[in-house]
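Please look over the sequence and the model below before reading on. The paragraphs that follow move from the whole chain to its strands, its first helix, and the spaces inside and along the surface.

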Amino acid sequence: MPNARGDQAKLLARRQSTFGAAEAAADGAFYTLPYYTYNVSPTGELANDEAIYGDAFPGEVVQGLRNLAGSFEVPMGLDSIGWHLSQILGLPTTTGTGPYVHTFAAAAQPSILLATHGISHRGVGQHFTQDTLATTGMEVTAQKNGTRQRVTFNATGREEKKAGATLDATPVEYAADPVPVGFQGSLSLDGSEVAGVTSVGLTLNTGREADQETMNGAATAAEISDGVWDLGGTFGARFRDARLYDLADAGTAFALTLAWQISANYNLSINVPSLLLERTGVPITGRGLISQSYNWRANRPATGAELIEVTLTNATENYANAS
């Protein structure tokens with residue numbers, strides 16, 4: 001009997017229109033998305049009832065609430081990444097006729113886009129359907145290296161069910177989907193490069209969560225509740241001058257831009273217009289190079305400004321469902 005293997009597991013995705021109702025199986029209706037790891041998993045509570053029977057045996061086992069949550073890591077494929085960005089930031093404003101320029105931004109009153117995911121373990125013929133998935137967070141770490149750039153997304157949902165067959169035998173692929181390598185990333189602060197920066201981490205959270213408090217007569221969530229945007233991250237840098245120290249010490253806001261460019265037709269940039277560094281010192285830990293590390297947090301955006309804006313240039317016309 002064969003064993004399940006990761007290289008034989010396919011991830012399928014389609015935007016879901018109705019809470020609690022997974023999108024129906026259909027060939028050519030789902031996208032197949034590249035990924036490194038997928039750990040959005042169902043959980044179910046088990047507890048022993050505490051009724052007293054006059055003996056030392058445990059009470060009857062009670063099956064409690066059912067949940068679905070976790071994270072998945074994907075390559076920053078400059079076609080496929082727009083699907084994931086849409087799920088967390090909403091559908092983009094798109095211009096151009098090829099290349100297309102997609103602009104994503106955190107909305108003051110965001111709408112939640114739901115998705116149905118299918119996981120098909122083709123080697124052992126086992127298939128699962130996850131419904132009502134909402135993307136709750138995004139994590140990016142940029143540093144100079146020789147590996148392909150990765151992005152982690154967090155998600156919550158309603159339920160996972162075993163399926164008799166794959167949701168889509170002929171899913172749609174993002175065929176070109178080039179991925180930048182780490183050393184292709186660049187950083188600027190207030191439009192100019194900062195000497196000696198070695199890494200930048202960015203974490204965006206939506207505050208969305210599965211509502212397990214509203215009574216709906218079921219062990220699964222009653223809805224996906226919206227929350228409050230939260231944006232922060234980290235800086236790592238060589239200690240060459242006091243620019244970062246001075247920004248942190250004075251509490252001076254500045255703009256951050258992360259960018260990855262493969263060509264004029266394929267690039268992605270993340271812009272945070274206003275953020276502050278936490279005040280900290282410069283530790284000396286030995287005789288080698290001295291490094292400094294800062295946490296940062298984004299400001300409330302000014303009127304007419306964005307909290308975060310992602311600009312994606314690629315060959316994908318739109319991020320609607322596959323037909």
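The accessible surface of the protein chain comes to about 16,500 Å² in this predicted model, and carbon and sulfur atoms account for 49% of that surface. Of the 323 residues in the chain, 41% are buried, where buried means that a residue has under 20% relative accessible area. If you draw a box along the principal axes, the C-alpha atoms fill roughly 70 × 60 × 45 Å. The chain holds two helices and 19 strands. When contacts with a separation of 6 or more are considered, 73% of them join residues 24 or more positions apart.

To follow some of these strands, begin with β16, which covers residues 254–263. Strand β11, residues 185–189, pairs with β16 in the antiparallel sense over five bridges, and within this pairing Leu-187 stands opposite Leu-258 of β16. β16 is also joined to β17 by eight bridges, and these two strands run antiparallel. One of the places to look is Ala-259, whose bridge partner in β17 is Ser-269. β16 and β17 form a hairpin, with two residues between them. As a general guide when you look at such strands, the side chains of a regular strand alternate between the two faces of the sheet.

Turn next to the helix α1, which spans residues 81–89. Is this helix enclosed by the rest of the structure or open to the outside? Nine of the nine residues of α1 are buried, so α1 is largely enclosed by the rest of the structure. The buried residues of α1 include Ile-81, Trp-83, His-84, Leu-85 and Gln-87. Just after the helix, Gly-90 takes a positive phi of about 95 degrees. In general, an α-helix has 3.6 residues a turn, so residues three or four places apart point the same way.

The helix α1 also helps to line two spaces inside the structure, which holds two cavities of 30 Å³ or more. The largest cavity has a volume of about 60 Å³, and among the residues that line it are Phe-72, Trp-83, His-84, Gln-87, His-117 and Leu-133. α1, β7 (114–121) and β8 (126–143) each supply at least two residues of this lining, and the largest share, three residues, comes from α1. By class, the lining of the largest cavity divides into five nonpolar, four polar and no charged residues.

The second largest cavity contains about 50 Å³ of space. Its lining includes Ile-81, Leu-85, Met-138, Val-140, Leu-268 and Ile-270, and α1, β8 and β17 each supply at least two residues of it. The lining of the second largest cavity has nine nonpolar residues, with no polar and no charged ones. The strand β17, described above as the partner of β16 in a hairpin, is therefore worth following to this cavity as well, given that it contributes at least two lining residues.Open spaces can be examined in a similar way, beginning with the largest pocket, which has a volume of about 450 Å³. This pocket is lined by 18 residues, and those that lie nearest its centre are Ala-107, Ala-108, Trp-229, Pro-301 and Leu-307. β15 (230–238) and β18 (291–298) each supply at least two residues of the lining of the largest pocket, which divides into 12 nonpolar, two polar and four charged residues. The second largest pocket holds about 360 Å³ of space, and of the 17 residues that line it, the closest to its centre are Lys-144, Gly-185, Ser-186, Leu-187 and Val-197. β12 (197–205) is one of the elements that supply at least two residues of this lining, and β12 gives the most, with four residues.

Finally, consider a single residue, Ala-222, which lies in the loop between β13 (209–211) and β14 (223–225). Ala-222 counts as partly exposed because its relative accessibility is 22%. Leaving aside residues up to four places away in sequence, Ala-222 touches Phe-19, Asp-211, Thr-214 and Asn-216. Ala-222 and Thr-257 are 35 residues apart in sequence, and their C-alpha atoms are 38 Å apart in space.

How values were computed: Residues numbered from 1 in each chain as written. Predicted model: local features only at pLDDT ≥ 70, side-chain atom pairs only at ≥ 80, totals over all residues. Heavy atoms only, no water. Buried < 20%, exposed > 50% of the residue type's maximum accessible area, 1.4 Å probe, protein only. Contact = heavy atoms within 4.5 Å. 1 Å grid on protein atoms, 1.4 Å probe; cavity = no way out; pocket = protein on both sides within 12 Å on 5 of 7 lines; lining within 4 Å. Points joined across faces, edges and corners; volume = space filled by probe spheres on them. Nonpolar A, V, L, I, M, F, W, Y, C, P; charged D, E, K, R; others polar. Areas by Shrake-Rupley, 256 points an atom, 1.4 Å probe, with all protein chains shown as cover. Pairing = 2+ DSSP bridges.
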